[in-house]
Amino acid sequence: MPVPFETSFAQALLDAERPIPNGVTAHNAADPTRRFAVYRNNVVAGLVRVLKDRFPVVERIVGEEFFGVMARVFVVERPPRSPLLATYGDDFAAFIAAFEPARELVYLADVARLEAARTRAYHAADATPLDADGFAALDAGLVTGIRIDLHPSTEIVRSPHPIVTIWAMNSGEREFAPVEKWHGEDALVIRPYLDVETRVLPPGGTAFLHALAGGLPLGKAADVALADCSEFDLSRNLAGLIGWGLAQEFIVPDSESPC
Amino acid sequence: MSIVANLPARAGVGFKPVHFRDILAAAQPIGFFEVHAENYMGAGGPPHAQLGALRERYALSVHGVGLSIGSMQPLDREHLARLKKLCDRYRPESFSEHLAWSSHGEVYFNDLLPLPYTRQTLARVAEHIDETQTALGRMMLLENPSTYVRIAESTIPEVEFLAEISERTGCRMLLDINNVFVSAKNHGTTPLSYLDSFPLDRVREIHLGGHDEEADDTGAPLLIDTHGSPIANEVWTLYAQVIARTGPIATLIEWDNDVPDWPTLRAEASAAQAILADASRASAA
């Protein structure tokens with residue numbers, strides 16, 4: 001049985017080595033290959049543009065030409081599986097990590113993870129963050145037992161490289177300057193209202209937030225964070241949690257069933 | 001009960017977030033805004049905040065680009081459910097999609113790809129439109145495509161194909177005049193002969209956009225539907241001819257790439273509005 005038109009057309013779109021599909025013709029004597037190439041180009045160039053829009057700092061770091069080549073390889077190897085293009089490129093960072101020509105830029109994949117997290121935060125569900133008054137109003141005796149629902153836009157990206165600094169310098173948020181001390185930065189991405197914010201988590205902050213997200217009460221989450229990092233400072237982390245709009249809700253333990 | 005498409009018969013503009021502040025800063029002489037459905041399927045954030053603000057102030061057209069109605073594969077039910085959620089939330093005056101496919105197998109190609117026009121594909125597309133209209137509980141508009149190749153197995157002229165789909169399913173037409181022009185040039189035919197046979201009484205919206213001009217390897221024109229430049233003079237002329245025949249119809253300026261500043265876009269809409277106003281005066285006279 002002959003291959004259906006749509007199937008042969010689809011197969012030839014992302015594979016420039018394949019002959020153009022049977023039955024694709026031109027009205028004149030022209031070679032239809034040039035005409036079919038319009039579709040090939042629309043598909044590939046269009047998806048490369050989607051990646052450029054989502055990963056502008058990665059593009060800034062490697063340059064337009066390098067980015068274009070890298071993105072084309074990604075598009076052909078891993079085309080989208082959904083018409084929701086806001087999620088396209090969630091695995092671009094993993095691809096970059098294994099992309100041999102970019103190997104010397106050891107931090108590039110983590111910068112891509114940060115940019116992917118920023119788009120997820122942009123599209124995340126809306127919620128109104130709690131302010132400091134809500135926290136101050138809690139019964140001091142109950143504070144260690146409370147659980148904290150984190151804002152739905154919360155994203156954390158751990159890295160052994162100073163990715164927030166690199167991101168900020170290349171996105172125009174901070175002046176270019178030599179990175180004095182090459183150290184790891186754990187990025188916190190949060191969109192409390194309409195603007196996506198990118199910050200560096202304080203020491204132990206990642207373990208603390210993961211513990212809270214996992215449902216541990218505040219006191220136990222602080223223990224976990226301290227075990228992870230001896231420099232963990234609870235009051236500094238709490239100030240960040242409230243000040244950055246990370247808390248969506250405080251769940252006060254039921255006095256009948258203390259945890 | 002099925003919701004009927006009822007955009008105001010005025011000039012509208014494809015919404016770009018970069019224009020949001022300008023648009024909200026004053027009342028705009030714009031009949032409606034159109035958005036691509038797939039850009040508003042996230043959970044929250046600025047896209048919904050902006051769309052909500054626009055919706056409060058203007059008529060709205062939701063234009064899908066990812067349903068793949070022209071595919072021989074079954075429709076993506078999950079995607080249909082997302083479209084329903086979006087339409088239920090914003091209650092647009094119109095929902096439209098394309099006579100094209102964009103997904104095959106597991107892959108979404110992010111482009112409007114051509115299908116052969118045969119009895120078999122006609123039946124399939126009609127089923128997909130029935131399914132979409134039933135799922136959304138509303139009448140949809142179907143847009144004529146711009147195409148770059150001919151397909152040997154096609155046996156039905158495009159206009160006939162569209163007219164029969166519309167008759168069978170009750171859907172109405174979104175007539176993209178730039179697409180008519182681009183396809184006619186690419187296939188060595190004339191846009192007027194296409195428009196002469198088009199079911200103009202079924203048209204509920206018109207699209208106008210810019211195209212690029214390239215050439216094939218014999219030097220024949222190869223026009224690309226890029227939506228990245230002003231509308232061509234020939235397309236304006238065709239538009240005026242159509243509107244003179246039909247009377248005013250909701251008309252969208254589409255400018256998706258190399259997006260200009262808001263005043264430039266608004267001026268394109270004003271040019272369309274002037275042609276619509278001429279037609280109103282002529283029909284009143």
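How many bridges join strand β7 of chain B to strand β9 of chain B, and in which sense do the two strands run? Here are some notes to help you find your way around; please keep in mind that the model is predicted.

1. Let us take the opening question straight away. Strand β7 covers residues 141-143 of chain B and strand β9 covers residues 172-176 of chain B. Three bridges join them, and the two strands run parallel. If you would like a place to put your cursor, try B:Leu141, which stands opposite B:Arg172 in β9(B).

2. That pair belongs to a bigger picture. In chain B, eight strands close into a barrel, and the pairing is parallel. Going round, the order is β1-β2-β3-β4-β7-β9-β10-β13, so you will meet β7 and β9 side by side in that list. From one strand to the next, the twist averages 25°.

3. A good residue to visit in the barrel is B:Arg204, found in strand β10 of chain B, which spans residues 203-209. Is B:Arg204 buried or exposed? B:Arg204 counts as buried, because 23 C-beta neighbours lie inside 10 Å, and the cut-off for a buried residue is 20 or more.

4. The surroundings of B:Arg204 draw on several parts of the chain. Leaving aside residues up to four places away in sequence, B:Arg204 touches B:Ala5, B:Leu7, B:Ser94, B:Leu141, B:Arg172, B:Met173, B:Ile249 and B:Ala250. Among them are B:Leu141 and B:Arg172, the two residues that stand opposite each other in point 1. The C-alpha atom of B:Arg204 is also separated by 6.1 Å from that of B:Leu174, although the two residues are 30 apart along the chain.

5. For a contrast, look at B:Val4, which lies in the segment before β1 (11-14) of chain B. B:Val4 is exposed, because it has 12 other C-beta atoms within 10 Å, and exposed residues are those with 12 or fewer. Even so, B:Val4 has a partner from far along the sequence: B:Met139 is 135 residues apart from it, yet the C-alpha atoms are 5.4 Å apart in space.

6. Now turn to chain A, which has eleven helices and six strands. Its radius of gyration is 24 Å, well over the 18 Å that the globule rule gives for 259 residues, so chain A is more spread out than a compact globule. Along its principal axes, the C-alpha trace spans about 85 × 45 × 30 Å.

7. The domain assignment of chain A gives domain 1 (1-105) and domain 2 (127-259). The centres of these two domains, taken over C-alpha atoms, are separated by 38 Å. Of the 259 residues of chain A, 39% count as buried. Among contacts between residues at least 6 apart in sequence, 68% join residues at least 24 apart.

8. Finally, see where the chains meet. The contact takes 40 residues from chain B and 41 residues from chain A. On the chain B side, α2 (46-57), β5 (101-104), β6 (107-113), β8 (150-151) and β12 (221-224) each supply at least two residues. Which of them gives the most? That is β6(B), with six residues. By class, this side has 19 nonpolar, 14 polar and seven charged residues.

9. One last detail involves strands from both chains. Strand β1 of chain A, residues 24-25, pairs with β8(B) in the antiparallel sense over two bridges. To find the spot, look for A:Thr25, which stands opposite B:Arg150 in β8(B).

Notes:
Residues numbered from 1 in each chain as written. Chains lettered and ligands numbered in written order. Predicted model: local features only at pLDDT ≥ 70, side-chain atom pairs only at ≥ 80, totals over all residues. Domains from an automatic or database assignment. Helix = DSSP H or I, 4+ residues; strand = E, 2+ residues; numbered from the N terminus. Rg over C-alpha atoms; globule rule 2.2 N^0.38 Å. Contact = placed C-beta atoms within 7 Å. Pairing = 2+ DSSP bridges. Axes fitted to C-alpha atoms, helices over the stretch in contact; angles between N-to-C directions. Nonpolar A, V, L, I, M, F, W, Y, C, P; charged D, E, K, R; others polar.
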